[in-house]
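Reader: Hey, could you take me through one part of this model up close? I'd like to see how charged side chains pair up in it.

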Amino acid sequence: MGLVGILVALGLLIWLAYRGWSILLLAPAAAVLAAGLAGEPLLANWTQTFMGSAARFVMRFFPIFLLGALFGKLMEDSGSVSTIASFMTERLGAKLLAVVLAGALVTYGGVSLFVAFFVIVPMAHALFRSAGIPRRLMAAAIMLGASTFTMSALPGTPAIQNAIPMPFFGTTPFAAPGLGLIASAIMLGFGLWWLARAEAKARRKGEGYGEDAAVVDDTSAAGHAAEDLIVRERATTAGAFDPAEIAHSGQSAAGPPIALAALPLIVVIGVNLVMSLVILPRLDASYLADEAWGATSLSAVGGVWAVATALAAAILVLIAINFSRLPSLRATMDAGVNASALPVLNVASLVGVGSVVAALPAFAIVRDWVLGIEPGPLVSLAVATNVLAALTGSASGGLTIALDSLGGAYMKIAAEKGIDPGLMHRIAVIGAGTLDMLPHNGAVVTVLAVCGATHKESYFDIVMAGIVGSLVALAVVIALGTAFGSF
């Protein structure tokens, strides 16, 4: 009955979340239901197991959610994201590549992919219209640039997904850099090949932008998407920025020059690198072993410290060089920090459900099955993160649930078999960033709404450019990691 209870609870959670119910309500209800059907104490599972796990997630990662959302809002309101997107269009012309690289550049530099959606889509509409590229390909191009390799594979990315394995594996944001670069090249190359193929096929058929369809007004589509409550619920489960805050505060009438617009992104990458590879390894952090500091270690917190410091430094630089371009700095900062609250609580709630499920006696069957998947722990880890991210529609939620329940077992296996934790880190993140892109994923729902497209029109190309390319990259990383180890 315990296993049936787990399946029933997770099934109701997924179904109701897809229909737009709040995760803050559904998650504890699902946890209590699973515990009740297993004959376990209800209130103890809610207040001790569920809340304890959710609180630990907030404790570990809220600084990154907070600073990441604030940085994204400041980049948006200062006009920096628009400047970068316009620069890419001017340099590359009216091509799909311009949209892909604009999304990749800003998200790798620390801007939330949801901020990127709302800023880049109006530019993409104009570009696709002038070039006669079918509007249905727009969502796939944006997802390829903003939600694939810069989220899960590119070494040093400040995305929350890349930060989650660090406390579990004692790694840095630059774990397995060589494998990450190879995976990034595969994701980008495969996605661009598919989109170029789809565009060429459309041109041969005489298909243009789609003026015969209902023409979408660039700004109104984005505005309606930001106000849509179902879009908001799904987005805040999958990402680190609340779309409702997009409309709050005010944007600069004119963005900064491209050099100043890109400078904060460079600061994020540079400070992250220096903190991870130079400063933190030289620190004497033995005091962290004291109970007063949580009896932890530098390897457990150093990765989060590196990303948080990088984002904080970039925020200070961004404000300093754009102070006159921010019409209402306080309102912008309020909107930025507010944009982090619902996402971190939603993801923490998903993690709470996972901890309750993992504590049930019946979960031992699932754990043993996952750990026993052949041909070994790398494939097993990839399957676990893929399945949980797909079920939750959240790469960050699925990844944390997998590592909360199985991370200790994988670290033990890694020690026994001589597997570099950095390899486990990279496979876990790439695995979480593949099947999470199913139709109910918040990023998918949001980008379609902002683009004014439907699943029927655009989802197949998202699957090919986003999911299939990522699965190919994941298979290559597993094969190379098995043969040569981490590099």
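Author: Sure, let's start with Lys73, which makes a salt bridge to Asp77, with 3.5 Å between the closest N and O atoms. Keep in mind that this is a predicted model. Both residues sit in helix 3 (residues 42-77), four residues apart, or about one turn of the helix. Are they buried or exposed? Lys73 has a relative accessible area of 0%, so it counts as buried. Asp77 also comes out at 0%, so that one is buried too. The pair isn't on its own, either: Lys73, Glu76 and Asp77 are linked in a network of salt bridges.

Why would such partners meet at all? Side chains of opposite charge can pair when their charged atoms come close.

Now for some other pairs, since the whole structure has nine salt bridges. One of them joins the side chains of Arg136 and Asp461, at 3.4 Å from N to O. Arg136 is in the loop between helix 6 (113-131) and helix 7 (138-146), while Asp461 belongs to helix 22 (residues 455-484), so this pair ties together parts that are 325 residues apart in sequence. Arg136 is partly exposed at 25%, whereas Asp461 is buried at 5%.

Another one brings together the side chains of Arg232 and Asp242, at 2.6 Å from N to O. Here Arg232 lies in helix 13 (residues 229-238) and Asp242 in the loop between helix 13 and helix 14 (258-279), so the parts being tied together are 10 residues apart in sequence. Arg232 is partly exposed, with a relative accessible area of 26%, but Asp242 is buried at 1%.

Methods:
Residues are numbered from 1 along each chain as its sequence is written. This is a predicted model: local features need pLDDT of at least 70, side-chain atom pairs count only at pLDDT 80 or more; totals for chains, interfaces and linings use all residues. Side-chain values use heavy atoms; hydrogens and water are left out. A salt bridge is a side-chain nitrogen of Lys or Arg within 4 Å of a carboxyl oxygen of Asp or Glu. Helices (H or I, at least four residues) and strands (E, at least two) are DSSP runs, numbered from the N terminus. Buried means under 20% relative accessible area, exposed over 50%, partly exposed in between (1.4 Å probe, protein chains only).
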